[in-house]
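Work through the exercises below with the structure in view. Each task is followed by a solution in steps.

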Amino acid sequence: MSLDASDANHHSGCLSLRRLFKLKPQRVPKSSSKQANSSHIYDQTRKASDSERDVDITDLTSRVFYDTCCDFGSSRFNTAACQWEAPPVYSDQPSPSDSIRGEIRHTIETMVNTLDSSLRSLSLQIHSHPELMFEEIFAHNLLSDYMESHGFSVTRHYLGLKTAWKAEYTHGKGGRTLGINSEMDALPEIGHACGHNLIAISGVGVALAIKSALQTYNVPGTVVLLGTPAEEGGGGKIILLERGAYKGMDACLMCHPSPGPELSSFVVSSLAMQSIDAEFFGQSAHAGDAPWEGANALDAAFLAYSSVSVLRQQIKPDHRVNGVINGSERAANVIPDYAKMRSRRTRPITIYGRIASSRLPSLMQ
């Protein structure tokens, strides 16, 4: 299958690989039947792959055959990826800036290593005291005190949010301003399953390491570390943004934990998220004496939930739709007159995402 971005059957593909080899559809002779044509393409691709399996891809005289690992198309054999193009050649010549970069990296790593035990202690303390959105009082106080003890100017309860805080350090005059986010809140029931204790101390470590580099190399600039509450619902960063917390920053960074090899990292795009609350109203009745007098709101909520679940089969792999059913505490033999369904959808910011997400409210009506 072609990995070209314009392929109508392959809109998203392997983003890390499709630009390495620019692959174009292979011209295949017309066959007497559609089935024969598909078989012909498959046989050619398979034979080519078998013959090229042991080829050294660093040898530019060789040919490489390549297929996608995430086929979203309706037909696997519409096109065959069999066109060769040499991979780019990278220079190993050292640049004049490599030396100073190495020195700066060493300064940063030395500071992080020095802070290692105290950062771990902060992480474990926050992990042991999970707090929900806008209730991160323990984390607010702990992190504010820590940053103050390391020479940062700290503003508690920043911009009217009782658990937001700002830690700022400036070296010299002028220069750029780098912002960093430290999230703190936990999830209901399961605590810090999303690792916000690690996000919090990552921001702290980055801010202190940059401060060390500014001082060591006498570079003018400002570091602003924001304690951002209510990431797991509540939109804490949105409130801070609207109140001007990010004004004046040249860039703003954040680290998020993920599985992978030690000291590895990855960069991905963010997803847009939207919450939907749907309320269902019915009529209470005794389920044993006169159930026909009732209109079951819970049944309506479950029908909507099932409709959303069925929709999941047709959404793209990088979209997510999750939900829960809420309702009043009633006895099992009483038809519920109220139920509430809360859904959360996340998607890339694309035209397809807007179309797919617009279908959700109609399923709940």
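The exercises concern a predicted model, and they go from the whole chain to one pocket, one core and one residue.

**Exercise 1. Describe the chain as a whole.**

Solution.
- Step 1: take the secondary structure. The chain holds eight helices and ten strands.
- Step 2: take burial. Of the 365 residues in the chain, 33% are buried.
- Step 3: take the surface. About 22300 Å² is accessible, and carbon and sulfur atoms account for 54% of that area.
- Step 4: take the contacts. Among those between residues at least 6 apart in sequence, 67% join residues at least 24 apart.

**Exercise 2. Describe the second largest pocket and state which elements line it.**

Solution.
- Step 1: give the volume. The second largest pocket contains about 320 Å³ of space.
- Step 2: find the residues at its centre. The lining has 16 residues, and Ile104, Ile210, Ala213, Leu214 and Val219 are the closest to the centre of this pocket.
- Step 3: assign elements. Two or more lining residues come from each of helix H2 (98-128), strand E3 (176-183), helix H4 (196-216) and strand E4 (221-228). H2 supplies the largest share, four residues.
- Step 4: sort the lining by type. Ten of its residues are nonpolar, three are polar and three are charged.

**Exercise 3. Locate the largest nonpolar core and follow the contacts of Leu143.**

Solution.
- Step 1: give the extent. The largest nonpolar core consists of 26 residues, and those with the most contacts inside it are Leu143, Tyr146, Met147, Phe152, Val204 and Leu225.
- Step 2: assign elements. H2, helix H3 (137-149), strand E2 (165-171), E3, H4 and E4 each give two or more residues to this core. The largest share, seven residues, is from H4.
- Step 3: note the other core. Apart from the largest one lies another core, of eleven residues, including Ala297, Val308, Ala339 and Met341.
- Step 4: follow Leu143. Beyond its neighbours within four places in sequence, Leu143 touches Leu122, Ile126, Trp165, Met184, Ala200 and Val204.

**Exercise 4. Decide whether Ser182 is buried or exposed, and list its contacts.**

Solution.
- Step 1: place the residue. Ser182 belongs to strand E3.
- Step 2: apply the cut-off. Buried means under 20% relative accessible area. Ser182 is buried because its relative accessibility is 0%.
- Step 3: list the contacts. With neighbours within four places in sequence set aside, Ser182 is in contact with Trp165, Ile199, Ala200, Gly203, Val204, Leu225, Leu226, Gly227 and Thr228.
- Step 4: compare sequence and space. Ser182 and Pro229 are separated by 47 residues in sequence, while their C-alpha atoms are 8.5 Å apart.

How values were computed: Residues are numbered from 1 along each chain as its sequence is written. This is a predicted model: local features need pLDDT of at least 70, side-chain atom pairs count only at pLDDT 80 or more; totals for chains, interfaces and linings use all residues. Side-chain values use heavy atoms; hydrogens and water are left out. On a 1 Å grid over the protein atoms alone, a cavity is a set of points where a 1.4 Å probe fits but cannot get out, and a pocket is an open set with protein on both sides within 12 Å along at least five of seven lines; lining residues have an atom within 4 Å of a point. Grid points are joined across faces, edges and corners, and a volume is the space filled by probe spheres set on the points. Ala, Val, Leu, Ile, Met, Phe, Trp, Tyr, Cys and Pro count as nonpolar, Asp, Glu, Lys and Arg as charged, and the others, Gly among them, as polar. Buried means under 20% relative accessible area, exposed over 50%, partly exposed in between (1.4 Å probe, protein chains only). Contact means heavy atoms within 4.5 Å. Accessible areas come from the Shrake-Rupley method with a 1.4 Å probe; for residues, only the protein chains shown count as cover. A nonpolar core is a set of buried Ala, Val, Leu, Ile, Met, Phe, Trp, Tyr and Cys residues joined through side-chain atoms within 4.5 Å.
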